[in-house]
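This report covers a protein–DNA model. Please look over the sequence and structure first.

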There are 2 protein chains.
Amino acid sequence: MPSERPLNSTAAALLGLLHDGPMTGWDLLATAQLVIGDFWALNQSQVYRELSAMAGAGLVEAGDPGPRDRRPYTITDAGRAAFAAWVRRGPGAETVRFPLLLTIAFGRHLPPGRLAEIVAEHRARHRERLDGYVELAAGLGPDPYARATLDFGIAYERAVLDWFDGLPPEIRGG
Amino acid sequence: MPSERPLNSTAAALLGLLHDGPMTGWDLLATAQLVIGDFWALNQSQVYRELSAMAGAGLVEAGDPGPRDRRPYTITDAGRAAFAAWVRRGPGAETVRFPLLLTIAFGRHLPPGRLAEIVAEHRARHRERLDGYVELAAGLGPDPYARATLDFGIAYERAVLDWFDGLPPEIRGG
DNA sequence: TGGTACATGTAACATGTTACATGATTAG
DNA sequence: CTAATCATGTAACATGTTACATGTACCA
């Protein structure tokens with residue numbers, strides 16, 4: 001029963017959120033998407049799956065269902081220990097999977113107009129994301145950790161926009 | 001037999017590379033890691049799996065094994081059509097999964113010194129990546145598509161480094 | 001009282017990762 | 001001859017995605 005394989009990052013993130021008190025799967029999903037969703041995507045199925053797995057491993061405990069079957073999960077001491085081990089171990093390298101770059105890499109197989117269209121679409125999405133982040137930043141509290149992750153988003157989106165603006169006419173369109 | 005579900009991006013990328021002529025799984029892996037590996041990770045198992053699947057679907061044809069069982073795959077007309085449809089359809093949004101941001105988001109659960117250590121390690125890796133890209137860029141040909149993807153890498157790594165340098169002392173260490 | 005949002009969960013499948021088994025060829 | 005590298009492939013598992021089934025509570 002000792003030496004279970006280390007937590008995956010999604011499970012660890014859920015445990016991290018549970019440090020602030022018991023939550024249901026639904027609440028965890030919403031909170032996670034809000035707090036870490038921009039750099040660590042997760043969905044409903046995953047949350048429930050990780051919760052059952054962690055309940056099985058004794059890292060969380062399911063409480064009695066409340067109204068609407070809301071079932072609060074509470075982190076256990078084992079869960080806190082597993083989380084502490086995970087966070088202490090340090091994160092791996094990030095993975096960037098950017099399909100637009102794939103399309104551009106094979107750009108010679110596309111009519112130039114179509115490529116420019118695609119590029120413009122994506123630029124607009126990034127513009128919106130940046131605006132959203134900047135707005136968020138204005139209303140942010142003093143927590144340096146939340147600030148740092150949001151700052152990353154802003155720095156990233158700015159860099160992407162600048163990159164778009166520096167693309168040659170063969171790609172951006174003339 | 002018609003209306004097979006659309007290609008996944010990894011399969012499409014392999015088809016893209018096969019436009020330049022038949023290649024074995026091994027060569028495809030090496031080429032792909034070189035050409036698109038920085039923004040579209042793939043590994044050996046995936047390559048062979050996609051090749052068999054695509055062979056089954058008639059998008060590629062396996063040739064006769066040569067020395068060392070090297071088995072060249074050739075793109076078929078159906079493969080070219082599937083690739084064209086994929087590239088024309090346009091890419092989805094990128095996914096960034098950045099475990100370091102997860103660690104920072106939960107930074108209050110770490111001793112500050114340890115967090116600073118982790119941050120410094122990651123900064124160093126990004127520094128190296130940037131240097132590698134810049135070096136690559138110096139020897140690059142005139143292909144605007146390859147240039148654009150490499151420029152993305154450079155813009156990204158520069159933004160990440162700047163972000164590192166702007167982190168507050170609670171995170172970077174004093 | 002009917003629609004919308006809440007809430008849980010499962011099933012099926014796609015994709016990604018790691019490890020292993022097998023053998024050929026080449027370089028030293 | 002032997003170690004390293006080349007090369008293919010499979011197995012097992014982890015993770016991510018999509019779709020569906022089921023039902024509850026709230027609000028207009």
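The sections below take the basis of the values, then the protein interface, then the two DNA strands.

## Basis

This is a predicted model, in which local features need pLDDT of at least 70 and side-chain atom pairs count only at pLDDT 80 or more, while totals for chains, interfaces and linings use all residues. Residues are numbered from 1 along each chain as its sequence is written, chains are lettered from A and ligands numbered from 1 in the order in which they are written, and side-chain values use heavy atoms, with hydrogens and water left out.

## Interface of chains A and B

Contact joins 61 residues of chain B to 61 residues of chain A. Here, contact means heavy atoms within 4.5 Å. The size of an interface is often given as the accessible area lost when the parts come together. Between chain B and chain A the buried area is about 5900 Å², and carbon and sulfur atoms give 69% of it. Buried area is the accessible area (1.4 Å probe) that two parts lose on being put together, summed over both. Of the area that chain B buries against chain A, 14% comes from Glu94(B), Arg97(B) and Tyr145(B), more than from any other three residues.

Polar contacts between chain B and chain A link 21 residue pairs, both residues at pLDDT 80 or more. A polar contact is a pair of N or O atoms within 3.5 Å; within protein, one must be able to donate a hydrogen and the other to accept it, and residues adjacent in sequence count only if both atoms are side-chain atoms. Several elements of chain B each supply at least two residues to the side that touches chain A, among them helix 1 (9–18), helix 6 (112–138) and helix 7 (144–165). Helix 7 of chain B gives the most, with 11 residues. Helices (H or I, at least four residues) and strands (E, at least two) are DSSP runs, numbered from the N terminus. By class, this side of chain B has 36 nonpolar, 13 polar and 12 charged residues. Ala, Val, Leu, Ile, Met, Phe, Trp, Tyr, Cys and Pro count as nonpolar, Asp, Glu, Lys and Arg as charged, and the others, Gly among them, as polar.

## Salt bridges and strand pairing

The count over all chains is 18 salt bridges. Across the interface of chain B and chain A there are 4. The rule asks for a side-chain nitrogen of Lys or Arg within 4 Å of a carboxyl oxygen of Asp or Glu. Arg108(B) bridges to Asp20(A), with the closest N and O atoms 2.8 Å apart. This pair runs from the loop between helix 5 and helix 6 of chain B to the loop between helix 1 (9–18) and helix 2 of chain A. Glu94(A) and Arg129(B) form a salt bridge at 3.4 Å, N to O.

Strand 3 (residues 95–97) of chain A and strand 3 of chain B run antiparallel, joined by 3 bridges. Two strands pair if DSSP finds at least two bridges between them. Thr95(A) stands opposite Arg97(B).

## DNA strand C

Around DNA strand C there are 20 residues, and Tyr48(A), Arg70(A), Arg97(A), Ser45(B) and Gln46(B) come nearest. A residue is near a strand if one of its heavy atoms lies within 4 Å of it. Sugar or phosphate holds 60% of the strand C atoms within 4 Å of the protein; bases hold the rest.

Which parts of the protein meet phosphate oxygens of DNA strand C? A polar side-chain atom of Tyr48(A) lies 2.5 Å from one, and a backbone N or O atom of Trp26(A) lies 2.6 Å from one. For a polar side-chain atom of Asn8(B), the distance to a phosphate oxygen is 3.0 Å. Helix 2 (25–35) and helix 3 (44–56) of chain A, together with helix 3 (44–56) of chain B, give two or more residues to this surface.

## DNA strand D

DNA strand D also has 20 residues around it, with Ser45(A), Arg49(A), Tyr48(B), Arg70(B) and Arg97(B) nearest. Sugar and phosphate make up 60% of the strand D atoms within 4 Å of the protein.

A side-chain N or O atom of Arg49(A) is 2.4 Å from a base nitrogen of DNA strand D. Phosphate oxygens of the strand lie 3.0 Å from a polar side-chain atom of Asn8(A) and 3.1 Å from a side-chain N or O atom of Arg71(B). The surface near DNA strand D has 3 nonpolar, 9 polar and 8 charged residues.
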